[in-house]
Structure formats: structure tokens, C-alpha cells
Amino acid sequence: MKKELIYKAKIDDVLASLKESIFYNFNSHKLGIIEKVNASQMTATIKLVYKVEQDTNTVTHPLLVNCPLHMPVSDSGGLQIPINIGDTCLVLFNDNDVDTWFTTGEADTLPSTTRLHNINDGIALVGVKSLSNVIPDYSTARTKLNYQDTSLTLDDKVDLKNAETTLKILLTQVVAVLNTLNGQGGASGSPIVINPAPITTEINKLLK
């Protein structure tokens with residue numbers, strides 16, 4: 001009985017060690033920082049935020065190079081966003097080697113190598129935020145598109161603005177000019193008849 005218990009304990013230890021080794025070397029998702037962007041190829045060089053244990057030392061992980069960047073686009077349209085050095089990203093590691101597909105774009109081809117969940121087959125999704133770098137005034141009740149000081153916000157109304165003015169202010173100024181022209185003589189001598197009130201009403205319905 002004692003020998004059986006000792007034997008079982010050794011098998012359990014071996015399996016536990018094997019499982020730990022597999023999990024340690026398995027690449028699924030990792031957080032990274034953009035180090036360099038190649039805009040013409042839509043790739044980036046990425047530094048992973050984690051260090052790795054090597055023997056008895058802790059070392060910086062090798063840089064990921066030529067990592068494809070994910071954009072919410074199709075062949076007919078989509079959204080392009082600027083990606084800058086220092087941006088945080090989530091790197092997803094493909095099950096198989098992506099080299100053939102990435103080079104040719106062809107489907108129904110065999111991977112060029114037999115590697116699985118490898119560190120060389122990452123695809124970067126930019127936009128993950130840490131608590132020290134959250135989006136200011138983030139709202140779950142609106143959609144917002146912005147670049148530096150220019151933004152387009154959508155909820156029940158539209159808000160388009162930059163650091164200088166807003167679309168509503170500009171249109172309101174146009175309506176004010178039309179109002180000053182109301183009743184004045186035109187080129188033919190007849191008075192100009194303008195009723196800006198309905199325009200103002202529609203502007204207030206659409207814009208904030």
C-alpha cells in the first residue's frame with residue numbers, strides 16, 4: 001500500500017510539473033507597449049510589459065517585430081486611427097504560424113512552420129488602458145470619435161467641435177446673419193424674405 005501511494009504521488013508531481021511547464025510556455029494574450037510603427041506595412045515593434053525568468057535571473061522579454069496591427073476595417077470601408085509610440089496594446093497569439101498568410105494574403109494554405117501559440121505570431125489590438133491612463137470623461141451612453149482637440153460625439157444629438165469652435169455655434173452665426181438680411185432689398189430691389197426660426201429649431205434638434 002505504501003509503495004502504491006508513493007508511486008501515485010510521484011506521478012501526480014510529474015503531471016503537475018508538466019502542466020506548469022505547458023502553461024508557462026503557452027502564448028495566448030499578453031499586454032505590450034508600442035515601440036515603433038511601420039505605417040506602410042501596418043505593423044509595429046512591441047515591448048511586452050512582462051519580464052521573463054531565465055535560469056535564476058529576471059530579464060526583459062525580446063521585442064516583438066513586424067507584429068500586424070488590427071484596425072476595424074474591411075475592403076470597402078472602416079475606421080483608421082493613429083497609433084503612436086507608447087500606446088498600450090493587447091497582443092493575441094495565433095494558434096498557427098501566420099507568416100504565409102501575412103506575406104501573401106492567401107487562404108487555404110499550409111502554415112510555413114509547425115509552430116503553435118508562438119511568440120512570433122502575435123497580432124496587436126491597440127486601446128487597452130491601465131488605471132493610470134483611463135479615457136477622461138469616458139461615458140457608456142455615447143459614441144465618440146476624436147483626434148487631439150477635434151471630436152465628434154453622438155448620443156441623442158450630435159456634437160462636432162475642435163479647440164476653437166463647434167458646428168452648432170457656426171450654424172447659429174449663419175442664422176444670425178440671415179436674420180439681419182431679412183427684409184432688406186435684394187439685387188432686384190425686392191425685399192429679402194427669410195424666416196430663420198424653423199432653421200434654428202432644426203439645428204437645436206440635431207446639434208448640442
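Hi everyone, let's start with a sheet: β8, β9 and β10 form an open sheet of three strands, in the order β8-β9-β10, with antiparallel pairing. Its edges are β8, residues 143–147, and β10, residues 158–161; each has a single partner strand, so one side of each is left without a neighbour in the sheet. On average, and ignoring direction, neighbouring strands here are turned by 5° against each other. Before I go on, please keep in mind that what you see on the screen is a predicted model.

Let's look at how β8 and β9 go together. Strand β9 covers residues 150–154, and five bridges join it to β8 in an antiparallel arrangement. If you want one pair to click on, take K144, whose bridge partner in β9 is T153. The two strands form a hairpin with two residues between them. In that turn, Q148 has a positive phi of about 50°.

Now, over to the other sheet. This one is also open, but it has five strands, with antiparallel pairing and the order β5-β2-β1-β6-β7. The edge strands are β5, at 64–68, and β7, at 122–126, and each of them pairs on one side only. Here the average turn between neighbouring strands, direction ignored, is 50°. As a reminder for anyone newer to this, strands of a sheet pair through backbone hydrogen bonds, either parallel or antiparallel.

Let me walk you through part of that order. Strand β1, residues 29–38, pairs with β2 in the antiparallel sense over six bridges. Within that pairing, I34 stands opposite I46 in β2. The hairpin of β1 and β2 has four residues between the strands, and M42 in it takes a positive phi near 55°.

On its other pairing, β2, residues 43–48, is joined to β5 by three bridges, and again the two strands run antiparallel. Two of the residues to look at in β2 are I46, whose bridge partner in β5 is L64, and A44, whose bridge partner in β5 is C67.

So is β2 enclosed or open to the outside? Five of its six residues are buried, so β2 is largely enclosed by the rest of the structure.

That brings us to the core. In soluble globular proteins, nonpolar side chains tend to be buried together. In this model, the largest nonpolar core has 13 residues. Those with the most contacts inside it are I34, I46, L64, L69, C89, V91 and A124. You'll recognise I34 and I46 as the pair standing opposite each other across β1 and β2. At least two residues of this core come from each of β2, β5 and β6, the last of these being 88–93.

A124 is a nice one to centre your view on. Which residues does A124 touch, once we set aside those up to four places away in sequence? They are I46, C67, P68, L69, H70, C89, L90 and V91.

Next, two loop residues. H61 is found in the loop between β4, at 57–60, and β5. H61 is buried, with a relative accessible area of 15%. Not counting residues up to four places away in sequence, H61 touches L48, Y50, V52 and I119.

The second one is L79, in the loop between β5 and β6. At 35% relative accessibility, L79 counts as partly exposed. Leaving aside neighbours within four places in sequence, L79 is in contact with M71, P72, V73 and L145. With L145, the two C-alpha atoms are separated by 9.8 Å, although the residues are 66 apart along the chain.

Last stop, the helices. The axes of α3, residues 167–181, and α4, residues 197–206, come within 10 Å and cross at roughly 175°. With an angle over 145 degrees counting as roughly antiparallel, α3 and α4 are therefore roughly antiparallel to each other. And what meets what between them? From α3 we have K168, L171, V175 and L178, and from α4 we have I199, T200, I203 and N204. The residues of this contact divide into five nonpolar, two polar and one charged.

That's my tour. Thanks for listening, and I'm happy to rotate the view for anyone!

Notes:
Residues numbered from 1 in each chain as written. Predicted model: local features only at pLDDT ≥ 70, side-chain atom pairs only at ≥ 80, totals over all residues. Heavy atoms only, no water. Pairing = 2+ DSSP bridges. Axes fitted to C-alpha atoms, helices over the stretch in contact; angles between N-to-C directions. Parallel < 35°, antiparallel > 145°, perpendicular 65-115°, else oblique. Contact = heavy atoms within 4.5 Å. Nonpolar A, V, L, I, M, F, W, Y, C, P; charged D, E, K, R; others polar. Core = buried A, V, L, I, M, F, W, Y, C linked by side-chain atoms within 4.5 Å. Buried < 20%, exposed > 50% of the residue type's maximum accessible area, 1.4 Å probe, protein only.
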